[in-house]
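Biologist: I have a model open on my screen and would like to learn how to read it. Could you take me through it feature by feature?

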Amino acid sequence: MSLLEDLKWRYATKKMNGTPVSQEKVDYILEAARLAPTSSGLHPYRVIEISNSELKAKIQPIAYGQSQIVDSSHILIFAAYDSYTKERVEAPFAQQAEERGLPLGFADDYKNNLYTQLSALSQEQQFNHAARQAYIGFGLAVAAAAEQKIDATPMEGFNNQQLDALLELDKLGLKSVTILALGYRDEANDWLVNLKKVRPSHEDFIIKFN
């Protein structure tokens, strides 16, 4: 089945049936997020995988009681750097040098200029930049889940500060961005499952400059 057919199949599942998703499929989805492109290859976000029922129960009220949190098999929390430190900017270039067999300072001019630009931003602007990178991986995770016929619910409806405090993300230098709940649809009880997918028409969506 093509990617477009997979995306036509998926929807933001409102009710899941609690059936576990195999770890193999979860790992596939996570790998799609890991392989996502990011600005200058910084990969300034991490994905937190949670399947523990007790922890999901603590997260549910933070997510305004949404049932997908506890009815899902796993939730993936995409969390971005709270800021760009010199170490965080240097680390990806050091890894590239090691894995590609390049001199350690191969990109010093570019790296130093990049850090100068990022460090000139406010901390909120730095986080917003990192969060935009997280959404690239998030989108690929949604697509990978559809390919694997795993239902996935994108969720921004939660209290970020409370979630960060619960998971002590400040200790990792991270702030939550969005949640992806993974599981299988409860077709008998999900009001959205049989409704037509509605999107802007091709003509309205695409703006062409020829």
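Modeller: Gladly! Let's begin with the stretch from 7 to 184: over these residues the chain is 50% helix and 16% strand, and the end C-alpha atoms lie 16 Å apart. Keep in mind that this is a predicted model. The UniProt record, an unreviewed entry, lists residues 7-184 as "domain: Nitroreductase".

Biologist: How many helices and strands are there in the protein, and in what pattern do they follow along the sequence?

Modeller: The protein has nine helices and four strands. Along the sequence they run α-α-β-α-α-β-α-α-α-β-α-β-α. As for overall dimensions, the C-alpha atoms fill a box of roughly 60 × 50 × 35 Å along the principal axes.

Biologist: What share of the residues is buried?

Modeller: Of the 210 residues, 42% count as buried. Contacts add another view: among those between residues at least 6 apart in sequence, 80% join residues at least 24 apart.

Biologist: Which residues have the most contacts inside the largest nonpolar core?

Modeller: That core has 51 residues, and Ile-77, Leu-180 and Leu-182 have the most contacts inside it. Helix H7, residues 123-147, supplies the largest share of the core, with nine residues. Take Leu-182 as an example: beyond its sequence neighbours up to four places away, it touches residues including Met-16, Val-21, Ile-29, Leu-76, Ala-145 and Ile-150.

Biologist: Since H7 came up, how do I check a helix's length?

Modeller: Compare the expected span with the one in the model. The 25 residues of H7 should span 36 Å at 1.5 Å a residue, and its end C-alpha atoms are 37 Å apart, which agrees. After H7 comes Lys-149, with a positive phi near 60°. You can repeat the length check on helix H6, residues 108-119: its 12 residues reach 16 Å from first C-alpha to last, close to the 16 Å expected.

Biologist: Which residues of H6 are buried?

Modeller: They are Lys-111, Leu-114 and Leu-118. Looking down the axis of H6, you find its buried residues within an arc of 65°, so they line one face of the helix. Their cover includes helix H5 (86-100) and H7.

Biologist: A lysine on that list catches my eye. Why does Lys-111 count as buried?

Modeller: Go by the number rather than the residue type. Buried means under 20% relative accessible area. Lys-111 has a relative accessibility of 11%, so it counts as buried. Setting aside residues up to four places away in sequence, Lys-111 touches Val-89, Glu-90 and Phe-93.

Biologist: Can we try the face reading on another helix? Which residues of helix H8 are buried?

Modeller: In H8, residues 160-167, the buried ones are Leu-163, Asp-164 and Leu-167. They cover an arc of only 100° around the axis, which puts them on the same side of H8. The face turned away from that buried side carries the exposed residues Gln-161 and Ala-165. Covering the buried residues of H8 are elements including strand S1 (45-50), helix H3 (53-62), strand S2 (74-81) and S4.

Biologist: And what should I look for at the ends of H8?

Modeller: At its start, a side-chain oxygen of Asn-159 reaches to within 3.1 Å of the backbone nitrogen of Gln-161. Just after H8, Glu-168 takes a positive phi of about 55°.

Biologist: Which side chain does Ser-176 join in a polar contact?

Modeller: Its partner is Asp-164, with a polar contact of 2.7 Å between the two side chains. Asp-164 is one of the buried residues of H8, while Ser-176 is found in strand S4, residues 174-183. Ser-176 has 3% relative accessibility, so it too counts as buried. Among the other residues Ser-176 touches are Ile-77, Phe-78, Phe-127 and Phe-158.

Biologist: What about loops? Is Thr-13 buried or exposed?

Modeller: Thr-13 lies in the loop between helix H1 (3-9) and helix H2 (23-34), and its relative accessible area of 0% makes it buried. Leaving aside neighbours within four places in sequence, Thr-13 is in contact with Gln-68, Asp-151, Ala-152, Thr-153, Arg-185 and Asp-190.

Biologist: How far apart are Thr-13 and Gln-23 in space?

Modeller: They are 20 Å apart, C-alpha to C-alpha, with a separation of 10 residues in sequence.

Definitions and conventions: Residues numbered from 1 in each chain as written. Predicted model: local features only at pLDDT ≥ 70, side-chain atom pairs only at ≥ 80, totals over all residues. Heavy atoms only, no water. Helix = DSSP H or I, 4+ residues; strand = E, 2+ residues; numbered from the N terminus. Buried < 20%, exposed > 50% of the residue type's maximum accessible area, 1.4 Å probe, protein only. Polar contact = N/O pair within 3.5 Å; in protein donor to acceptor, adjacent residues only side chain to side chain. Contact = heavy atoms within 4.5 Å. Core = buried A, V, L, I, M, F, W, Y, C linked by side-chain atoms within 4.5 Å. UniProt positions renumbered as here; feature names shortened; annotations may be inferred. Expected span 1.5 Å × (residues − 1). Arc of directions from axis to C-beta.
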